[in-house]
Amino acid sequence: MIEETNHGTLVAKKDGIYTIYVFQKDNSEYLMCTKLPNWGPYPLKIGDSGFITTQYFTAGEVFYDRNSNTERTIQYTNLYFKEFIPDAEKTQEVLL
């Protein structure tokens, strides 16, 4: 299991039980990842930018399932969405 954090902008998404996100990283590379249904709601919109944390799992690896309090085996090799922290919104306040 490899965890990585990148900064980028959401450029495409496919909603469904398993939501697919495509981010364009700051170096112009693309990052496509899958959000699992039990990883919480993330109301991301195209154009949202921020820090994206993903985790790469290889089929056959064992992980701890905190919902069932058991160890389970990863069934599919994939890059999974883990967390998104949006950039702070810029304000137009005038400071005197």
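These are my notebook entries on the strands, side-chain pairs and largest pocket of a structure that is a predicted model.

**Entry 1, strand pairing.** I began with strand β1, which covers residues 2-14, and looked up its partners. Eight bridges join β1 to strand β4, residues 49-57, and the two run antiparallel. As one point of register I noted that Ile 2 stands opposite Tyr 56 in β4. I then turned to strand β2, residues 19-25, which also runs antiparallel to β1 and is joined to it by six bridges. Here I wrote down Ala 12, whose bridge partner in β2 is Val 22. The connection between β1 and β2 is a hairpin, with four residues between the two strands.

**Entry 2, Thr 34.** I next looked up Thr 34, which I found in strand β3, residues 30-35. Is Thr 34 buried or exposed? With a relative accessible area of 8%, Thr 34 falls under the 20% limit and therefore counts as buried. Leaving aside residues up to four places away in sequence, I listed its contacts as Tyr 18, Thr 19 and Ile 20, together with Asn 78, Leu 79, Tyr 80 and Phe 81.

**Entry 3, salt bridges.** The count came to five salt bridges, and I followed up three pairs by name, starting with the side chains of Glu 3 and Lys 82, which meet at 2.5 Å, N to O. Because Glu 3 lies in strand β1 and Lys 82 in strand β7, residues 78-86, this pair ties together parts that are 79 residues apart in sequence. I checked the accessibility of both partners: Glu 3 is partly exposed at 47% relative accessible area, and Lys 82 is likewise partly exposed, at 32%.

The second pair I looked up is Glu 29 with Lys 25, whose side chains form a salt bridge at 3.2 Å, N to O. Glu 29 counts as partly exposed at 43% relative accessibility, whereas Lys 25, at 15%, counts as buried. For the third pair, Asp 48 and Lys 45, I noted a salt bridge of 3.8 Å, N to O, and I recorded Lys 45 as exposed, with a relative accessible area of 54%.

**Entry 4, aromatic pairs.** How many aromatic pairs are there? The count comes to six, and the one I examined joins Tyr 21 and Phe 81, with 5.0 Å centre to centre and 55 degrees between the planes, which makes the pair tilted. Since Tyr 21 lies in strand β2 and Phe 81 in strand β7, the pair ties together parts that are 60 residues apart in sequence. Both Tyr 21 and Phe 81 are buried. I also saw that ring pairs link Tyr 21 and Phe 81 with Phe 23, Tyr 42 and Phe 84 into a cluster. Going back to Entry 2, I noted that Phe 81 is among the residues that Thr 34 touches.

**Entry 5, the largest pocket.** Last, I looked up the largest pocket, which has a volume of about 890 Å³. Its lining is made up of 22 residues, and those closest to its centre are Leu 36, Asn 38, Trp 39, Phe 63 and Ile 74. Which strands each supply at least two residues of this lining? I listed β4 and β7, along with β5 (62-65) and β6 (70-73). Of these, β4 is the strand that I had found joined to β1 by eight bridges, and β7 is the strand that holds Lys 82 of the salt bridge with Glu 3.

Conventions:
Residues numbered from 1 in each chain as written. Predicted model: local features only at pLDDT ≥ 70, side-chain atom pairs only at ≥ 80, totals over all residues. Heavy atoms only, no water. Pairing = 2+ DSSP bridges. Buried < 20%, exposed > 50% of the residue type's maximum accessible area, 1.4 Å probe, protein only. Contact = heavy atoms within 4.5 Å. Salt bridge = Lys/Arg side-chain N within 4 Å of Asp/Glu carboxyl O. Phe/Tyr/Trp six-rings, centres within 6.5 Å; stacked < 30°, edge-to-face > 60°. 1 Å grid on protein atoms, 1.4 Å probe; cavity = no way out; pocket = protein on both sides within 12 Å on 5 of 7 lines; lining within 4 Å. Points joined across faces, edges and corners; volume = space filled by probe spheres on them.
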